There are 2 protein chains.
Amino acid sequence: MNPRLYNKAMNANRPYSGLIERLKLKAIRPTRQRLALGKLLFERDGEACNRHVTAEQLHSEAAASGVRVSLATVYNTLHQFTAAGLLREVVVEPGQSMFDTNVDEHHHFYFESSGVLEDIPGHGVELARLPEPPAGSRVKRVDVIIRLA
Amino acid sequence: MNPRLYNKAMNANRPYSGLIERLKLKAIRPTRQRLALGKLLFERDGEACNRHVTAEQLHSEAAASGVRVSLATVYNTLHQFTAAGLLREVVVEPGQSMFDTNVDEHHHFYFESSGVLEDIPGHGVELARLPEPPAGSRVKRVDVIIRLA
DNA sequence: ATACTTGCAAATCGTTTGCAATACC
DNA sequence: GGTATTGCAAACGATTTGCAAGTAT
């Protein structure tokens with residue numbers, strides 16, 4: 001397909017609203033696969049969508065929505081998005097990573113029985129005191145995970 | 001070896017101090033491998049030892065100290081000890097679990113560059129507010145991980 | 001035109017499992 | 001003696017990699 005026409009069409013019915021621009025800003029080429037995955041990640045259920053997916057889940061979703069993407073590409077894309085600050089990787093279980101579309105500072109509930117990860121709404125967690133980071137190190141991130149049974 | 005003599009010898013130079021009894025209390029048979037691993041885990045550097053090891057690390061240590069234990073047994077043992085409340089499993093990285101000999105409530109520093117996990121001393125972390133657990137669930141554990149770069 | 005991306009299949013890594021041989025009580 | 005435990009090697013699931021073919025700028 002002529003790429004110029006392709007992009008025009010994309011903007012016409014705005015199925016990727018700001019996605020193309022967002023990716024370009026991060027020097028990530030807006031390929032068909034990346035746009036499809038980005039759409040699934042960032043543009044589901046309107047604006048306030050914060051999702052927590054595994055690579056396998058996203059791969060299934062893509063397949064379900066008729067997009068053919070290889071699992072390897074899903075992994076590549078998730079990591080690229082994470083490196084670009086569009087996603088955040090959260091580790092709660094040994095053996096698989098979850099990717100969170102909410103990159104603001106926040107914490108999580110983890111339902112051990114179902115494997116579901118969920119943002120803790122608002123300022124539900126307040127850290128009153130944090131220790132000094134050991135000499136020579138700086139705090140990169142503080143993760144609070146409330147494990148539920 | 002005659003088990004009676006074996007146990008007597010064990011107590012004579014106390015290489016397993018209370019370990020045998022601790023295991024028996026949890027209905028875990030004090031086999032040679034479990035005692036060796038338990039010793040490496042709980043009785044290094046005197047009393048105040050809190051260690052954070054992966055299965056592979058413990059397996060290497062065992063080998064280094066001349067004990068022949070299969071990796072499968074190391075995994076079995078770590079999980080049995082964890083189920084018995086002698087260890088706690090901590091997940092900080094996708095792809096491998098760490099086991100913490102400190103089972104009291106406490107939190108962690110994680111040095112991303114080296115992969116080292118370390119207890120935060122004293123009451124370095126204070127959680128001033130925690131959210132209500134969602135209906136139908138109860139808090140099993142709260143993990144705070146301070147990731148350092 | 002060129003460099004970046006993709007898909008596939010194979011490789012890798014941590015972990016688990018099946019089962020015969022062995023150790024504990 | 002009878003059951004639990006061990007070791008080995010094979011199986012496993014998630015993730016990564018190498019490389020030829022396809023795509024974006």
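**Figure 1. Aromatic pairs and charges over rings in the predicted model.** In this predicted model, a search of the whole structure gives two aromatic pairs, counted over all chains. Arginine side chains also lie over aromatic rings. In chain A, A:Arg22 sits over the face of A:Phe42, 4.9 Å from the ring centre. In chain B, B:Arg22 is placed over the face of B:Phe42, and its distance from the ring centre is 4.9 Å.

**Figure 2. Relation between chains A and B.** Two copies of a chain are related by a rotation about an axis and a shift along it. Here a turn of 179° and a shift of 0.0 Å along the axis lay chain A on chain B, with an RMSD of 0.1 Å. This is the relation of a two-fold axis. Of the interface residues of chain A, 100% are also interface residues in chain B, so the copies meet through the same surface.

**Figure 3. Residues around DNA strand C.** There are 19 residues around DNA strand C, and those that come nearest are A:Thr31, A:Gln33, A:Thr73, B:Tyr75 and B:Gly95. Of the strand C atoms that come within 4 Å of the protein, 82% are accounted for by sugar and phosphate. By class, the residues of this surface are six nonpolar, eight polar and five charged.

**Figure 4. Phosphate contacts of DNA strand C and the elements beside the strand.** An N or O atom in the side chain of A:Thr31 is 2.6 Å from a phosphate oxygen of DNA strand C. A:Arg68 has a polar side-chain atom 3.0 Å from a phosphate oxygen of this strand. From chain B, a backbone N or O atom of B:Ser97 lies 2.8 Å from a phosphate oxygen of strand C. Two or more residues each are given to the surface near strand C by α3 (32-42) and α5 (71-83) of chain A, and by α5 (71-83) and β3 (96-100) of chain B. The element that gives the most to this surface is α5(B), with four residues.

**Figure 5. Residues around DNA strand D.** Of the 20 residues around DNA strand D, the nearest are A:Tyr75, B:Thr31, B:Gln33, B:Arg34 and B:Thr73. Sugar or phosphate makes up 84% of the strand D atoms within 4 Å of the protein, and the rest belong to bases. The surface near strand D has seven nonpolar, eight polar and five charged residues.

**Figure 6. Phosphate contacts of DNA strand D and the elements beside the strand.** A polar side-chain atom of A:Tyr75 is 2.3 Å from a phosphate oxygen of DNA strand D. On chain B, a polar side-chain atom of B:Arg68 lies 3.0 Å from a phosphate oxygen of the strand. B:Ser70 places a backbone N or O atom 3.1 Å from a phosphate oxygen of strand D. The elements giving two or more residues to the surface near strand D are α5 and β3 (96-100) of chain A, with α3 (32-42) and α5 of chain B. With four residues, α5(A) gives the most to this surface.

Notes: Residues are numbered from 1 along each chain as its sequence is written. Chains are lettered from A and ligands numbered from 1 in the order in which they are written. This is a predicted model: local features need pLDDT of at least 70, side-chain atom pairs count only at pLDDT 80 or more; totals for chains, interfaces and linings use all residues. Side-chain values use heavy atoms; hydrogens and water are left out. A residue is near a molecule or strand if one of its heavy atoms lies within 4 Å of it. A polar contact is a pair of N or O atoms within 3.5 Å; within protein, one must be able to donate a hydrogen and the other to accept it, and residues adjacent in sequence count only if both atoms are side-chain atoms. Ala, Val, Leu, Ile, Met, Phe, Trp, Tyr, Cys and Pro count as nonpolar, Asp, Glu, Lys and Arg as charged, and the others, Gly among them, as polar. Copies are superposed by least squares on the C-alpha atoms of residues with pLDDT of at least 70 in both. Contact means heavy atoms within 4.5 Å. Rings of Phe, Tyr and Trp (its six-membered ring) pair if their centres lie within 6.5 Å; planes under 30 degrees apart count as stacked, over 60 as edge-to-face and the rest as tilted. A charge sits over a ring if NZ of Lys or CZ of Arg is within 6 Å of the ring centre and within 35 degrees of the ring normal.
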